[in-house]
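Biologist: I am new to this structure and would like to understand how each descriptive word is earned. Could we go through the terms one at a time, setting values against definitions?

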Amino acid sequence: MTTTSTPTCGCPEGLAAMAPSRRALLAGASVLGAAGATLALAGPAEAMTRLTFADAGYTGDTLVVLSFRGGIDGLSVVPPVGDPAYYTARPSIAIPQSRGLALDTRFALHPALAPLLPLYTAGRLAVVHAVGQPNPTRSHFTDMDEMERAAPGSSIRTGWLDRMVGATTTPGPFAGTTIGSTTAPRSFLGDLTADLSMRSVDSFTLSGAWDATETARWTTALRAMHAGDADAITTPARTALDALTTAGTLRTAGYTPANGATYPSGGLGDALRDTARLVKAGVGLRAVSIDSGNWDMHTDLGSSTGGWMFGQLSEVGKALAAFMTDLGSAADRVTLVTLSEFGRRVTENGSGGVDHGYGNFSFVLGGGVNGGKVYGTWPGVAPDQTQAGDLKATTDYRSVLAEVLEKRCGLTASGVLPGAPSARLGLLRPKA
């Protein structure tokens with residue numbers, strides 16, 4: 001990050017919810033099966049990227065889910081500069097209309113996101129505003145868990161990405177993977193696939209095996225040791241050992257981003273760089289979940305020219321633009337969606353920040369996106385238009401995900417997102 005700040009969240013889980021740091025405290029990586037069997041691996045932690053690799057039968061897009069942990073302020077990211085009530089509610093932190101990057105007559109991008117404007121103009125980036133989930137609580141942990149479970153009002157306890165993997169063809173050895181953490185996110189929790197965890201592609205090695213000879217010896221020994229065990233133990237072990245072979249090949253080959261792409265330093269750039277690398281390597285990448293933390297800006301959010309929000313968004317804009325540039329034509333088989341557990345209050349607080357709210361935004365990027373447009377029904381931000389002082393959510397986030405699953409992943413959305421609304425926004429073109 002180019003700037004840092006210490007959040008002072010009023011809820012007890014506020015600081016802990018600033019993942020990825022919460023999960024990145026754990027060293028090493030692992031493979032977790034349904035019964036919790038673990039094979040420990042080593043590597044330095046920085047960002048969190050969860051990857052799922054498909055077998056050869058899967059022809060859908062790679063779905064990349066970028067989660068802004070901590071409740072990003074969508075009214076700063078995509079400010080309604082054409083709505084006078086926005087400036088009344090935020091006299092010191094609003095983005096001036098002259099500084100915003102105009103998307104249409106009502107909305108603009110934060111100026112720190114300038115690298116994304118060409119993607120929007122080219123039709124590869126769409127924005128959905130006033131997005132949210134049913135029954136928000138304004139609790140980081142509760143709303144993050146509910147968003148990753150994506151089955152409100154039901155007894156389902158698995159994660160929606162685990163259900164997505166299970167809805168496709170028979171998973172291969174890379175079926176469910178986490179990069180940057182040994183703790184599987186709720187979205188991947190379930191018993192349909194083994195969960196492979198790695199810090200990064202280059203650091204994915206056997207702990208204690210310091211060279212190729214030792215790696216071969218350890219691999220042979222571990223395969224023999226697990227050969228007679230139950231599937232709950234052998235499957236995670238076999239998944240990790242098979243994945244090590246592929247990761248070793250990629251590590252030996254090295255990687256240089258294509259098309260002049262330059263990723264910013266930091267966890268998000270590293271995570272997206274690894275994602276592009278794996279997409280282009282043709283290892284069958286199916287779904288990716290990346291966390292970007294430190295968005296709980298109760299104090300000192302900053303201005304349109306600098307500060308906490310500006311620094312964070314500068315990294316986001318550069319990283320996403322580099323990712324799309326690096327992918328090149330491979331972007332035609334990738335769809336990236338951004339999510340956050342909730343938005344922020346419409347009115348700024350007395351500390352130059354914004355407290356927990358409701359409605360938010362979502363970016364959708366990729367080769368199959370009907371971009372260059374802000375989607376959704378705008379409810380307004382005047383006091384009589386809000387939901388108890390929050391931006392209303394007029395689009396259920398599951399509607400966005402359902403359209404991606406149907407049009408780009410070739411899946412039946414109801415099997416992954418039970419109870420999701422049937423309405424679609426027209427964000428995407430059906431995959432040919």
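Biologist: What makes the crossing in which H9 passes H10 right-handed or left-handed?

Modeller: H9 passes H10 in a right-handed crossing, and the word is right-handed if the near helix is turned clockwise from the far one by less than a right angle, left-handed if anticlockwise. Before going further, note that this is a predicted model, in which local features need pLDDT of at least 70, side-chain atom pairs count only at pLDDT 80 or more, and totals for chains, interfaces and linings use all residues. Residues are numbered from 1 along each chain as its sequence is written, and side-chain values use heavy atoms, with hydrogens and water left out.

Biologist: Why are H9 and H10 called roughly parallel to each other?

Modeller: Helix H9 (residues 267–281) and helix H10 (residues 308–327) pack at an angle of about 15°, their axes being 9 Å apart. Axes are lines fitted to C-alpha atoms, for helices over the stretch in contact, with angles running from 0 to 180 degrees between N-to-C directions. Angles under 35 degrees count as roughly parallel and those over 145 as roughly antiparallel, while 65 to 115 is roughly perpendicular and the rest oblique; H9 and H10 are therefore roughly parallel.

Biologist: Why, then, are H7 and H8 roughly antiparallel to each other?

Modeller: The axes of helix H7 (residues 212–226) and helix H8 (residues 231–253) come within 10 Å and cross at roughly 165°, and H7 and H8 are therefore roughly antiparallel. Their crossing is left-handed.

Biologist: Which residues of H7 and H8 make the contact?

Modeller: Contact means heavy atoms within 4.5 Å, and the residues that make it include Leu222 and Arg223 of H7 together with Ala237 and Leu241 of H8.

Biologist: What makes an empty space a cavity?

Modeller: On a 1 Å grid over the protein atoms alone, a cavity is a set of points where a 1.4 Å probe fits but cannot get out, and lining residues have an atom within 4 Å of a point. The structure holds 3 cavities of 30 Å³ or more, and the largest cavity has a volume of about 110 Å³, a volume being the space filled by probe spheres set on the points. The lining of the largest cavity has 14 residues, with Ser67, Arg69, Met147, Glu148 and Leu339 nearest its centre.

Biologist: What volume does the second largest cavity have, and which residues lie nearest its centre?

Modeller: The second largest cavity has a volume of about 70 Å³, and Val131, Gly132, Met147, Ser340 and Asn360 lie nearest its centre among 14 lining residues.

Technical notes: 1 Å grid on protein atoms, 1.4 Å probe; cavity = no way out; pocket = protein on both sides within 12 Å on 5 of 7 lines; lining within 4 Å. Helix = DSSP H or I, 4+ residues; strand = E, 2+ residues; numbered from the N terminus.
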